[in-house]
Amino acid sequence: MNDWNTRFQTDNYVYGKEPDAFLKEYHKKVKISGDALAIAEGEGRNAVYLAEQGMNVTAWDYAESGLAKTNKLAEERGVTVSTALVDLNEVNWSETKWDEIVCIFGHFPTELRQKTLQGVKVAVKPGGYFLTEVYSHYQVPYKSGGPKDLNFLYRPEEFLNTFADWHIIHFFMGEVVRREGNLHNGLSHVIQFVGKKP
């Protein structure tokens, strides 16, 4: 059993039930519709929000307990989210499948992180979007959440280099305040990225 599966085996939602503030703000700005994929989705708060906006949503996570809570939250909110138990190490990314891919605080070791970003680049449809908010490599001393291992934290060039040929709609690195359940609380150092595939 992996650590995430253990972490999510509680009645309460450890990151809360409300969507990430950045996702909520920017999804409305760019007015995306169609098929959405939420990767490393945890307990489903962001996937359920996208479904509430009328998208056809699939949530991937490596924790069965998180996916069970995703389905429970979707039922509670009166929407449908397709869930799949996925190890990102083993994904064969399908070309041009998704209108939007979302990754909210999905943190992986460097090699897997780079593989995943390349996979996202392939899997988004032309005209589709990738939207993410993650902790930057400056996050460690903030103590407001996220990994304590630099190998799991993002650097700005990972987005700017990987998606250099995309239309970058929004890029930000700096401080924000997040209040998300018990585990994301307080002043944080994040990277935000919204890109549109040409």
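Okay, let me start with one residue: A40 is partly exposed, with a relative accessible area of 23%. You'll find A40 in the loop between strand 1 and helix 3. And what sign does phi take there? Positive, near 50 degrees, and A40 is a residue other than glycine. The reason I bother to point that out is the usual background: most residues other than glycine have a negative phi. Before I go on, please keep in mind that this is a predicted model.

There's another residue of that kind, K31. Its phi is positive too, about 55 degrees, and K31 is not a glycine either. K31 sits in the loop between helix 2 and strand 1. Buried or exposed, then? K31 counts as exposed, because its relative accessibility is 69%.

Right, on to the sheet. We have an open sheet of 7 strands, the order is 3-2-1-4-5-7-6, and the pairing is mixed. Which strands are at the edges? Strand 3, residues 81-85, and strand 6, residues 167-180; each of those pairs on one side only. On average, neighbouring strands in this sheet are turned by 15 degrees against each other, ignoring direction.

Let me walk you across part of it, going from strand 2 through to strand 5. Strand 1, residues 35-39, and strand 2, residues 56-61, run parallel, with 4 bridges between them. If you want a place to look, L37 is opposite T58 of strand 2. Now over to strand 4: strand 1 pairs with strand 4 in the parallel sense as well, over 4 bridges. Here the residue to click on is I39, which stands opposite C103 in strand 4.

Stay on C103 for a second. Which residue is its bridge partner in strand 5? That's T132. So much for C103; there's also E100, which stands opposite Y129 in strand 5. Altogether strand 4 and strand 5, the latter being residues 124-135, pair in the parallel sense over 6 bridges.

How covered are these two strands? Strand 4, residues 98-104, has 7 of its 7 residues buried. In strand 5, 9 of the 12 residues are buried.

Okay, helices. The one I'd like to spend time on is helix 4, residues 64-77. Helix 4 lies across strand 2 and strand 3, and its direction is at about 175 degrees to strand 3. How far does helix 4 reach from its first C-alpha to its last? It's 20 Å for 14 residues, close to the 20 Å expected at 1.5 Å a residue. Just after the helix comes G78, with a positive phi of about 75 degrees.

Which residues of helix 4 are buried? S65, G66, L67, K69, T70, L73 and A74. There's a lysine in that list, so let's look at that one. K69 counts as buried because its relative accessibility is 6%, and the cut-off is under 20%. What does K69 contact, if we leave aside neighbours within four places in sequence? The list is F8, T10, D11, N12, Y13 and E43.

Next, who packs against helix 4? Helix 3 does: the two axes come within 9 Å and cross at roughly 35 degrees. The crossing of helix 3 past helix 4 is right-handed. On the helix 3 side you've got R45, V48 and E52, and they meet T70, L73, A74 and R77 of helix 4. T70, L73 and A74 were also in the buried list a moment ago.

Then helix 3 has a second partner to show you, helix 2. Helix 2 is residues 21-30, helix 3 is residues 45-52, and they pack at an angle of about 25 degrees with the axes 11 Å apart. That angle is why we can call helix 2 roughly parallel to helix 3. Helix 2 also passes helix 3 in a right-handed crossing. Who makes the contact? From helix 2 it's L23, K24, H27 and K28, and from helix 3 it's N46, Y49 and L50.

That's the tour. If you'd like to open the structure now, my suggestions are K69 in helix 4 and the C103 and T132 bridge between strand 4 and strand 5. Thanks, everyone.

Note on methods. Residues are numbered from 1 along each chain as its sequence is written. This is a predicted model: local features need pLDDT of at least 70, side-chain atom pairs count only at pLDDT 80 or more; totals for chains, interfaces and linings use all residues. Side-chain values use heavy atoms; hydrogens and water are left out. Two strands pair if DSSP finds at least two bridges between them. Axes are lines fitted to C-alpha atoms, for helices over the stretch in contact, and angles run from 0 to 180 degrees between N-to-C directions. Contact means heavy atoms within 4.5 Å. The expected span of a helix is 1.5 Å times one less than its number of residues. Buried means under 20% relative accessible area, exposed over 50%, partly exposed in between (1.4 Å probe, protein chains only). Angles under 35 degrees count as roughly parallel, over 145 as roughly antiparallel, 65 to 115 as roughly perpendicular and the rest as oblique. A crossing is left-handed if the near helix is turned anticlockwise from the far one by less than a right angle, and right-handed if clockwise.
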